[in-house]
Amino acid sequence: MDLTHISQAKVFGGWHKQYQHDSNVLNCSMRFAIFLPLKATPATPVPVLYWLSGLTCSDENFMQKAAAFQKAAELGIAIVAADTSPRGDDVPDDPQGSYDFGLGAGFYLNATQQPWQKHYQMYSYITDELPKLIEKNFPVTSRKAISGHSMGGHGALTIGLKNQEQYVSISAFSPICHPSIVPWGEKAFRHYLGEDKSSWSEYDATELAKTLEVKRPILIDQGDADGFLQEQLKPETLQTVATQKQLPLTLRMQAGYDHSYFFIQTFIGEHLEFHARYLNSKI
């Protein structure tokens, strides 16, 4: 799988780089960004944090707005930011042009319905194709953690919970915690997965937490001034399950913070330190 180098910039001694490649899973061309700290060399490969962004975003939002590079450089962690959906002229989009479905809104699942099935296989892309590409072409180890924001927080939680052998730790900012019962999730799941709601639970963190044995540590930060909190995010549903099952989940409600990247900037250093404890552990 050939990589096309798009751009690069030196930052905190390391490099932020953008690449494009043809995805066999998504049947289109995809772009991703990677931050490689100075210590990332073939002789000293580093672990990777995979970042999943939210609705309407791409690989650029986190890399340009989160202010994560200085801390990642100090900790010796690479960061890979994927796109949020397949892209291209042949990729179907919401005919109504809404922001919460179609292009930019892949929801990190494998679609089973037409016309979405051919391209919208973001779950397989994130869990299989992309990490194989990264580990083949860059000085990184196979040790991985996963994080994300909003729709990407949903993706990080569900992917992390279902693939605990792959990810040593999981975190999220303002995640959609129970998509099966909120407007964003119901709309996406109905189109991508069909009307049979029994299939929706496979991509719902709250439902997964009810049935899975959760061993990986999870950190969630949620602003209490987030305008989407009550209608779309519902972290209390996941917290209830975590409390009942005594799962290793920490939910921190942050007073006065909203849904923006100002919120992410404030706490991204703590999330990176959280992941570093497990990425750099021998366990």
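User: Let's start with H271: is this residue buried or exposed?

Analyst: H271 has a relative accessible area of 1%, which means it counts as buried. The cut-offs are under 20% for buried, over 50% for exposed, and partly exposed in between (1.4 Å probe, protein chains only). One caution about the source: this is a predicted model, where local features need pLDDT of at least 70 and side-chain atom pairs count only at pLDDT 80 or more, while totals for chains, interfaces and linings use all residues. Residues are numbered from 1 along each chain as its sequence is written, and side-chain values use heavy atoms, with hydrogens and water left out.

User: Where in the fold does H271 sit, and which side chains make polar contacts with the side chain of H271?

Analyst: H271 belongs to helix 9 (residues 261-279). Helices here are DSSP runs of H or I with at least four residues, strands are runs of E with at least two, and both are numbered from the N terminus. A polar contact is a pair of N or O atoms within 3.5 Å; within protein, one must be able to donate a hydrogen and the other to accept it, and residues adjacent in sequence count only if both atoms are side-chain atoms. The H271 side chain has one such contact with the side chain of D221 at 2.7 Å, and another with the side chain of S171 at 2.9 Å. For contacts in general, the rule is heavy atoms within 4.5 Å. Leaving aside neighbours within four places in sequence, H271 is in contact with S147, S171, A172, F173, L219, D221 and R252.

User: How do I read the nonpolar core, and which residues touch the most other members of the largest one?

Analyst: Take buried Ala, Val, Leu, Ile, Met, Phe, Trp, Tyr and Cys residues and join them through side-chain atoms within 4.5 Å. The largest core has 65 residues, and those touching the most other members are F107, I126, L130, I134, I146, L157 and Y192. Helix 3 (residues 122-137) gives the most to this core, with 7 residues. Look at I126 for a sample of the packing: beyond neighbours within four places in sequence, it is in contact with L52, A82, Y108, P131, I146, I159 and Y167. There's also a second, separate core of 26 residues, whose members include F62, M63, A66 and Y261.

User: What about loops? Where does A105 lie, and which residues does A105 touch?

Analyst: A105 is in the loop between strand 5 (78-81) and helix 3. Being in a loop doesn't settle exposure by itself: A105 counts as buried because its relative accessible area is 0%. Not counting residues up to four places away in sequence, A105 touches L55, T84, S85, Y99, D100, M151 and Y192.

Y203 is another loop residue to click on, between helix 5 (183-193) and helix 6 (205-211). Y203 is buried as well, with a relative accessible area of 9%. The Y203 side chain reaches the backbone nitrogen of N110 at 3.3 Å. Among the residues Y203 touches, apart from those up to four places away in sequence, are Y108, Y123, H154, P179 and F189.

User: How many disulfides does the structure have?

Analyst: The test is a pair of cysteine sulfur atoms within 2.5 Å, and a search of the whole structure finds 0 disulfides. For C57, the nearest cysteine sulfur is that of C177, 18 Å away. C57 is buried, with a relative accessible area of 9%, and C177 is buried too, at 0%.

User: Which backbone angles deserve a second look here, at N27, K234 and P115?

Analyst: The general idea: most residues other than glycine have a negative phi, and most peptide bonds are trans. N27, which is not a glycine, has a positive phi of about 55°. N27 lies in the loop between strand 2 and strand 3 (28-36), and is partly exposed at 40% relative accessible area. K234 has a positive phi too, near 50°, and is found in the loop between helix 7 (229-233) and helix 8 (235-245). As for P115, the peptide bond from Q114 to P115 is cis, with omega near 0°. P115 lies in the loop between strand 5 and helix 3.
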